[in-house]
Amino acid sequence: MLVVEAAPEFYRGGNTRHTRNMRCAHDAATDTLTGPYDEDEFWDDLYRVTEGHTDEPLARHMIHLSKDMLGWIAEQGVRFQPSLGGTLSLGRTNSFFLGGGRAMLNALYLTAEKLGVTVIYDAPVTDLDVETETGRFRSATITRDGEEILVTARALVAASGGFEANIDWLKEGWGERAENFLIRGTPYNRGDVLKMLLDRGIEAIGDPTQCHAVAIDARAPKFDGGIITRLDCVVFGMVVNKHAQRFYDEGEDFWPKRYAIWGRLVAAQPDQIAYIVFDAKSLKMFMPSLFPPIQANSINELAEKLELPVEAFEKTVSDFNTAVRPGTFDHTELDDCHTEGLEPQKSHWARRIEDAPFYAYPVRPGITFTYLGTRVDQDARMQLAAGGGAENMFAAGEIMAGNVLGRGYAAGIGMTIGSVFGRIAGERAAQNARN
């Protein structure tokens with residue numbers, strides 16, 4: 001078995017090294033999860049965040065198999081940490097990798113190497129020889145140290161990610177706005193293998209403009225900023241665009257169920273920039289960014305530092321404070337702190353922004369991964385645009401995530417897709433090769 005990586009060893013495993021947790025169904029509390037999270041509840045969460053844009057039989061198949069994943073991955077050497085409390089609200093649904101995604105990858109690569117798997121780095125695939133009518137993979141051409149190498153195999157598993165690092169491809173769906181997008185993960189997910197597969201008769205699935213996109217610190221690097229640039233403080237304050245106008249309900253639902261809509265919301269704003277504004281009482285209530293918040297002793301001073309129109313910003317803050325209704329603040333539940341007579345409203349966790357010093361984070365769309373990919377069946381077998389399944393080609397991870405995620409996202413589902421379909425694709429490819 002041969003694993004071909006376009007990236008150097010440091011970046012191996014694509015975006016998985018930036019992950020922290022995985023969402024799995026379970027019928028009772030475990031060593032790392034606080035309570036039951038049955039298949040129907042998982043399905044309800046997935047249906048809600050995708051607004052029904054998902055392949056239900058495939059999604060339910062994934063959810064059912066996710067129940068075995070925690071034990072199976074642990075058998076491969078991966079370790080998990082105790083359940084988490086606090087603002088993430090994930091202690092019941094998501095298991096966190098001890099040491100994060102990089103530690104998990106290191107364990108998996110070590111296990112693979114012990115099993116005799118060979119990994120080649122800095123070796124991008126530059127061509128695929130595929131029999132279009134049957135979807136039969138014959139060979140791949142890879143380039144390494146300036147030389148072209150022909151690789152033949154009895155089966156192919158494509159786990160080469162989406163195309164989020166390919167700005168020109170993003171522009172085809174998003175236009176010039178894509179120039180202002182920041183890419184949270186590896187710069188090597190350029191969609192080269194995906195494009196080759198689609199050109200060779202594999203059926204596409206997903207909207208090229210749909211993706212996992214969150215609001216991240218606008219000061220983050222263009223690529224590979226990772227989790228430390230994500231901001232979890234939207235629910236504690238208000239968000240305005242460059243015209244100092246609010247544009248969405250910051251307290252719509254728990255953050256893990258809504259954080260992935262904020263990238264698209266910011267992408268729709270002028271110049272793809274927005275500002276999360278809050279005051280002193282919220283400063284210690286969330287995971288901070290790598291960069292410090294912009295601080296000021298007055299609303300006027302904060303507007304000047306953010307280069308926002310001062311009068312408009314003062315009015316937006318004043319209108320927000322006037323609309324806040326008294327309640328009992330509790331970030332662990334959908335509390336009764338809300339606004340009235342304000343458009344858009346803030347449904348929960350609304351508190352007056354009045355305690356100096358005042359703070360703000362500038363944010364831009366942070367693209368994690370794209371949803372346009374290869375259609376697969378329950379065996380992770382790629383499907384042909386002309387009908388039927390590919391003879392010996394399978395897909396796992398981001399490259400087929402659009403089968404499950406037509407839109408939207410909830411924390412940890414990316415790793416559910418990657419792990420469940422990764423295991424299926426590996427098993428089916430091995431069976432196919434033996435036959």
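**Reading the spaces and cysteines of a predicted model**

Modeller: Let's start inside: the second largest cavity encloses about 30 Å³ of space. Keep in mind that this is a predicted model.

Biologist: How is empty space found in a structure, and which residues line the second largest cavity?

Modeller: The general idea is that rolling a probe the size of a water molecule over the atoms shows where empty space is left. Here, the second largest cavity is lined by Tyr248, Asp249, Glu250, Gly251, Glu252, Asp253, Arg258 and Trp262. By class, that lining holds 5 charged, 2 nonpolar and 1 polar residue.

Biologist: How many cavities of 30 Å³ or more does the structure hold?

Modeller: There are 2 of them.

Biologist: Now the pockets. What is the volume of the second largest pocket, and which residues are closest to its centre?

Modeller: A pocket is open, whereas a probe in a cavity cannot get out. The second largest pocket has a volume of about 300 Å³. Its lining counts 18 residues, with Val49, Glu51, Ile261, Arg407 and Gly408 closest to the centre. Helix H1 (39-50), strand S11 (211-217), helix H7 (255-258) and helix H8 (262-267) each give two or more residues to this lining.

Biologist: And what is the chemical make-up of that lining?

Modeller: The lining of the second largest pocket has 8 nonpolar, 7 charged and 3 polar residues.

Biologist: At the bench I would ask about cysteines. How many disulfides are there?

Modeller: A disulfide needs two cysteine sulfur atoms within 2.5 Å. A search of the whole structure finds 0. Cys233 is in no disulfide, and the nearest cysteine sulfur, that of Cys337, is 18 Å away.

Biologist: Why does Cys337 not bond to Cys233?

Modeller: Because the 18 Å between the sulfur of Cys337 and that of Cys233, the closest cysteine sulfur, is too far for a bond.

Biologist: Are these two cysteines buried or exposed?

Modeller: The cut-off for buried is under 20% relative accessible area. Cys233 counts as buried because its relative accessibility is 0%, and Cys337, at 3%, counts as buried too.

Biologist: Let's step back to the whole chain. How many helices and strands does the chain have?

Modeller: The chain has 11 helices and 20 strands. Its radius of gyration is 23 Å, close to the 22 Å that the globule rule gives for 435 residues, so the chain is as compact as a globular protein of that length. The C-alpha trace spans about 70 × 50 × 35 Å along its principal axes.

Biologist: What share of the residues is buried?

Modeller: Buried residues are 53% of the 435 in the chain. As for contacts with a separation of 6 or more, 72% are between residues 24 or more positions apart.

Conventions:
Residues are numbered from 1 along each chain as its sequence is written. This is a predicted model: local features need pLDDT of at least 70, side-chain atom pairs count only at pLDDT 80 or more; totals for chains, interfaces and linings use all residues. Side-chain values use heavy atoms; hydrogens and water are left out. Buried means under 20% relative accessible area, exposed over 50%, partly exposed in between (1.4 Å probe, protein chains only). On a 1 Å grid over the protein atoms alone, a cavity is a set of points where a 1.4 Å probe fits but cannot get out, and a pocket is an open set with protein on both sides within 12 Å along at least five of seven lines; lining residues have an atom within 4 Å of a point. Grid points are joined across faces, edges and corners, and a volume is the space filled by probe spheres set on the points. Helices (H or I, at least four residues) and strands (E, at least two) are DSSP runs, numbered from the N terminus. Ala, Val, Leu, Ile, Met, Phe, Trp, Tyr, Cys and Pro count as nonpolar, Asp, Glu, Lys and Arg as charged, and the others, Gly among them, as polar. The radius of gyration is taken over C-alpha atoms; the globule rule is 2.2 Å times the number of residues to the power 0.38. Contact means heavy atoms within 4.5 Å.
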